[in-house]
Amino acid sequence: MIHFTLNGEPQALALDPATPLLWVLRDHLGLIGTKYGCGEGACGACVVRLDGEPVKSCSTPLSAVEGRSVQTIEGLSPDGRHPLQLAWVLEEAPQCGYCQSGQIMTAAALLAQHPRPTDAQIDAAMSGVLCRCGSYARIRRAIHRAATPEVQGG
Amino acid sequence: MADPRATTGLTRRDLLKIVALSGGGLALGWVWPTRAETSETSAASAPSEFEPNAWISLHADGRIQLRLARAEMGQGVMTALTMLLAEELEAGLDQIRIEPAPVAPVYTNHLLGEQATGGGTSTRDGWETLREAGALTRMLMIAAAARTWGVPESECRAHRARVRHADGERSLGYGELAATAASLPVPTSVVLKDKSDWTLIGTSQRRLDTPLKVRGAARFGLDVRLPGMLHATIARCPVIGAEISGWNAQAAREVPGVIDVFAVRHGIAVVAETSWAALAGHARLEIDCRPRVNTAVATERLRSRLHIGLNGRAPVALREGDVSRALAAAALEIESVYEAPFQAHACMEPMNCTADVRPDGCDIHVPTQSPAATQELAQRLTGLPPERIRVHTTFLGGGHGRRRELDFVHDAVELSHRLGRPVQVIWTRADDLQHDYYRPMTLHRLRGGLDATGEPVAWFHRVVGPSVLARRDPGRIRDGIDPLMIDGAASLPYGFAHRRLEYRRADTPVPIGLWRGDGHSHNAFATECFLDELARAGGRDPLALRRSLLADSPAHLALLDRLAEHWAAPVPDGLGRGLALVEAAGSRLALLAEVAVEEGRVRARRFVAVLDCGQVVNPDAVRAQIESGIVFGLTATLKGAITFSDGRVEQTGFGDYPLLRFDEMPEVESILIDSDAPPGGVSPIATPAVAPAVANALLALLGRPFRTLPIRL
């Protein structure tokens, strides 16, 4: 039995501890906002936060979350009004949208570490999440916007 | 001033009949909630009160539902097409719910000849039809209100899904009017709003799908969940065209959750209770292939084969004047050969499809650009009549032409038919990269002649490459010319006194297909780079030379005029500046690129795009498509390619088929030209301009041409 916290709720799962977290979320817990893009940690579509840090859930075995806290896109905010989500809407960041859960969760981890990130910090944090549609410039603007107080008020 | 137009095929009786044939429409699929209702992601629809046509249904409780018959794959079509309907319907985007349309003839995309999405056709195709559908409904609402109140229609105005009387006191909502409207005769002609009365078209509207996409609530193909659904992967032979001769499934079967392993049309299927078990089983499966042919396929050999086509005779696609004589008489003749490689689509959502084949019918949930062809294939595989095969188009995690294909549909329908249960087929990333229908590899020989003043007088272009239409639509190949392969090269806007275009078909065993920009994506590289080589040889400025060759084309000159200020600005130290011009999908784009060489690598720093796409529907979404096309094009310009050895694709993932990354994103400035012309397509147009603009910038920076993609220093 693996015990961990998922989006603030305790979880206890009797699954093969080698199962990647991505598939625990998608196959067993019905949390399908986290996406499969490559299965080898190369695209970042599957990023979730583990104790606040961004991790590629396709390459994180369930055993690695024992006793820790996992946050997915579904748990980022109760109502879709996290500052990043608001900023993402205002900047019209998504196109096809498939990578955006990974983008937003990566950005959330960045803002937790650097509330007012520089462009260099944004580059360093975000360059592991691929977007085929080219939403990068809008994501950068959205991160800066989310880091400003006026949008945080909603 | 109003613009009366006759309706075409919009009688209510016909459209209702078509909708009924397709299974009722409203009972199908899940509803895509929009801003009006984002708190739930799926809901069964109540019977509609009134369906004036195939796109709109009005409910007594005031709900307005629109059916979207094009695939939302990032290009913003859900919002743009809804804007067209809502503009004429006189309803706010916040008052509308959208559901995917079923397959029906009324939803045919007339530019593609089938119900399909691609090639920058959706807005062009829907421009008249959808506005007329909205206008017809609005007129019925006004007529219903006028009848209810016993007043002339001219005293009634519609606004935000409500008809108001000029007395300022009486008003009725569309839902309240629906029952009365249903009893009225359908107008024989519709009156479209004057442009000066538009409140939506031409204004930047927030995309209707964004709220879902920032919450992880947009449902893509892989997010489909059906009761009792199984998951499957399919191991394919890595060598093109090989057949499986045997397999060892022992290790795969030992994976907990794997139910069965057996041969299907495209390979060996691993069927499991979960996605992960299907993927883990796939990884443990050992297959033996019998590669009877194609074992020697290698990029170098394919290149040699194409090179043969550079010489000898070839079908002539276009002939103006006498190029041979003009070249012989020219003061200077130059010649160059350009090469573009095979490219994958690499959609972020790997190929997938979910099918539920039952004895009495079949439901297919799939991120597809081709729902009608999906239905036809399922009909062939199951023997069920088309009205019992319902295609539910999900959101697409990228399309780029790949999702016009049906191989993943075949996988799922075959498996569900055989197993009698819903099955979701998931491709691995390696499957996706290794079993694509690639953008074809092409070679281009260009010859140009300059007169003594440096003005080009003769232009010769031969395209050598496999035919995309040979598999997809061979009837369109005429006299040996595949029109897709000469996209852009044939319609080159420059005025040359003497010009000849040839296409030499050189098929290879590699599967090829549609790819963002299609033929433009390789032809524009050759033609726009060669133009800069001619400019350089003749001592001319690249923009000035284009201006002189476009003297009779004011629309193109207008693009270059808007770029002139950026072109004339001093070039910052260490940067090179280049430009390219592309005309595609009814739109024109001039693109300026600024590039640098940093640590031995090409770095695109900035682009300025000037776009004339006719009437702009949603300006911010058009800008997003320019950014998107540039990023897609930059990956193909600077990153990898699909290569072959021993008959197999060498690339297996994003490690060896890298995409442009966040920290490589250039600055993009987009300038949209005001136009009253009907809309042109936007998604395909920027991608083809990127490679030549970047190569021309490098020519300016380094003084040598770059004639092979991807660009290597």
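Which hand, left-handed or right-handed, does the crossing of helix 10 of chain B and helix 11 of chain B have? The crossing is right-handed; a crossing counts as left-handed if the near helix is turned anticlockwise from the far one by less than a right angle, and as right-handed if clockwise.

This is a predicted model, in which local features need pLDDT of at least 70 and side-chain atom pairs count only at pLDDT 80 or more, while totals for chains, interfaces and linings use all residues. Residues are numbered from 1 along each chain as its sequence is written, and chains are lettered from A and ligands numbered from 1 in the order in which they are written.

**Sheet of chain B**

Seven strands of chain B form an open sheet with mixed pairing, in the order 11-12-9-19-16-17-18. Strands (E, at least two residues) and helices (H or I, at least four) are DSSP runs numbered from the N terminus, and two strands pair if DSSP finds at least two bridges between them. Strand 11 (258-264) and strand 18 (389-393) are the edges; each has a single partner strand, so one side of each has no neighbour in the sheet. Within the sheet, strand 16 (residues 352-358) and strand 17 (residues 361-366) of chain B are antiparallel and share five bridges. Thr354(B) faces His365(B) of strand 17.

**Helices on the sheet**

Two helices of chain B touch strands of this sheet, as tabulated; contact means C-beta atoms, placed from the backbone, within 7 Å. Axes are lines fitted to C-alpha atoms, for helices over the stretch in contact, and angles run from 0 to 180 degrees between N-to-C directions.

| Helix of chain B | Strands of chain B touched | Angle |
|---|---|---|
| Helix 10 (residues 371-382) | 16, 17, 18 | about 145° with strand 18 |
| Helix 11 (residues 407-419) | 9, 11, 12, 16, 17, 19 | about 30° to strand 16 |

Helix 10 and helix 11 of chain B also pack on each other, at an angle of about 35° and with axes 10 Å apart. Helix 10 contributes residues including Leu377(B) and Leu381(B), and helix 11 residues including Val413(B) and Glu414(B). The contact has five nonpolar, four polar and one charged residues; Ala, Val, Leu, Ile, Met, Phe, Trp, Tyr, Cys and Pro count as nonpolar, Asp, Glu, Lys and Arg as charged, and the others, Gly among them, as polar.

**Domains of chain A**

Chain A is assigned domain 1 (2-75) and domain 2 (83-152), with bounds from an automatic or database domain assignment. Their centres, taken over C-alpha atoms, are 21 Å apart. In the contact between them, 15 residues of domain 1 meet 13 residues of domain 2.
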